[in-house]
Every structure is written in structure tokens, then in C-alpha cells.
Amino acid sequence: VFVWVGTDAQKSEKDAAITTALDYVENANDGRDKDTPVLEVHPGVEPPMFTCHFLGWDPEKASDFADPYAAKLAALKESGATDTGAAADDSKAAPAAAAPVAP
């Protein structure tokens, strides 16, 4: 069982990942041996016995990971855009409906 641990993972997350994998092996009902090894895998040094399970694995691309959200945010900041779409643009809002008048 492989446990891939990212470089930004906190110690508590790493510990929980290994514990979860060990619990999985212990409780699996799929006929696997209780001594099935649990291997911790780190980015950039994935062993071939891990990468062979991913068709088209490109070690160069895998080692050059860029967070797409961070890249988008950086591009927005670079372009000077400050509105991320979270706030409504009042200039485009429909006019408010008139309140009903009581007779």
C-alpha cells in the first residue's frame, strides 16, 4: 500500500496518513496478508514500483508541479485585477422593484 505524502503536509497529516494505511491493511477483507507493507512515497522521488501504476507517468512533469490556483491568483494580481468575482457589481444590478402600496 502506497502513501503519497506531499511536501507541504503537516506532521499530524503525515502521521494520520500512515496510521490510516496501516488500519486499512489490518481491516481489509480482500484476502491481503496482514503483513502487507505500507510504503511512504515523497514527491520527486517516486519509485518505479509506484509510478508503474500510472500510465503516462512523466517524472519531469511530476517534479515541476505548480498549483493551478496559486498560478491563477498570481496572474490576476499581475494583471492588476482585484475583483475575483466574489462581490456583486452594483452597476450591473437590476433596479429594485417598487414596494406595493397599501390601499
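A good place to start is the surface, where Phe 2, Leu 39 and Met 49 come together as a nonpolar patch with about 240 Å² of accessible area in total. The model described here is a predicted one. Within the patch, Leu 39 belongs to strand S2, which covers residues 39-41. Leu 39 counts as partly exposed because its relative accessibility is 30%.

Phe 2 also leads to the aromatic side chains, since it forms one aromatic cluster with Phe 50, Phe 54 and Trp 57. The count of aromatic pairs comes to four. In one of these, the ring centres of Phe 50 and Trp 57 lie 6.1 Å apart with their planes at 85°, so this pair is edge-to-face. Trp 57 pairs with Phe 54 as well, and here the arrangement is tilted, with 5.7 Å from centre to centre and 45° between the planes. The members of the cluster can also be described by their accessibility. Phe 50 has a relative accessible area of 8% and is therefore buried, as the limit for that class is under 20%. Trp 57, with 31%, is partly exposed, and Phe 54 is likewise partly exposed, with 40%.

Trp 57 appears again in the surroundings of Glu 46, a residue in the loop between S2 and helix H2 (48-51). Is Glu 46 buried or exposed? With a relative accessibility of 15%, Glu 46 counts as buried. Apart from neighbours within four places in sequence, the residues in contact with Glu 46 are Trp 4, Val 41, Thr 51 and Trp 57. The contact with Trp 4 links parts of the chain that are 42 residues apart, and the C-alpha atoms of Glu 46 and Trp 4 are separated by 8.6 Å. The side chains of Glu 46 and Trp 4 also make a polar contact, at 3.2 Å. In addition, a polar atom of the Glu 46 side chain lies 3.0 Å from the backbone nitrogen of Gly 44.

Another loop, the one between H1 and S2, holds Thr 36. The side chain of Thr 36 reaches back to the backbone oxygen of Asp 33, at 2.6 Å. When residues up to four places away in sequence are not counted, Thr 36 touches Val 1 and Val 25.

Attention now turns to the charged side chains. Side chains of opposite charge can pair when their charged atoms come close. How many salt bridges does the structure hold? There are two salt bridges. In one, the side chains of Lys 11 and Asp 15 meet, with 2.8 Å from N to O. Both residues lie in helix H1 (residues 11-27), where they are four residues apart, or about one turn of the helix. Lys 11 counts as exposed because its relative accessibility of 60% is over the 50% limit, whereas Asp 15, at 38%, counts as partly exposed.

The other salt bridge joins Asp 30 and Arg 32, whose closest N and O atoms are 2.6 Å apart. Asp 30 has a relative accessible area of 42% and is partly exposed. Arg 32, at 27% relative accessibility, also counts as partly exposed.

Definitions and conventions: Residues numbered from 1 in each chain as written. Predicted model: local features only at pLDDT ≥ 70, side-chain atom pairs only at ≥ 80, totals over all residues. Heavy atoms only, no water. Salt bridge = Lys/Arg side-chain N within 4 Å of Asp/Glu carboxyl O. Helix = DSSP H or I, 4+ residues; strand = E, 2+ residues; numbered from the N terminus. Buried < 20%, exposed > 50% of the residue type's maximum accessible area, 1.4 Å probe, protein only. Patch = residues over 30% accessible without salt bridge, like charges linked within 9 Å, V, L, I, M, F, W, Y side chains within 5 Å. Areas by Shrake-Rupley, 256 points an atom, 1.4 Å probe, with all protein chains shown as cover. Polar contact = N/O pair within 3.5 Å; in protein donor to acceptor, adjacent residues only side chain to side chain. Contact = heavy atoms within 4.5 Å. Phe/Tyr/Trp six-rings, centres within 6.5 Å; stacked < 30°, edge-to-face > 60°.
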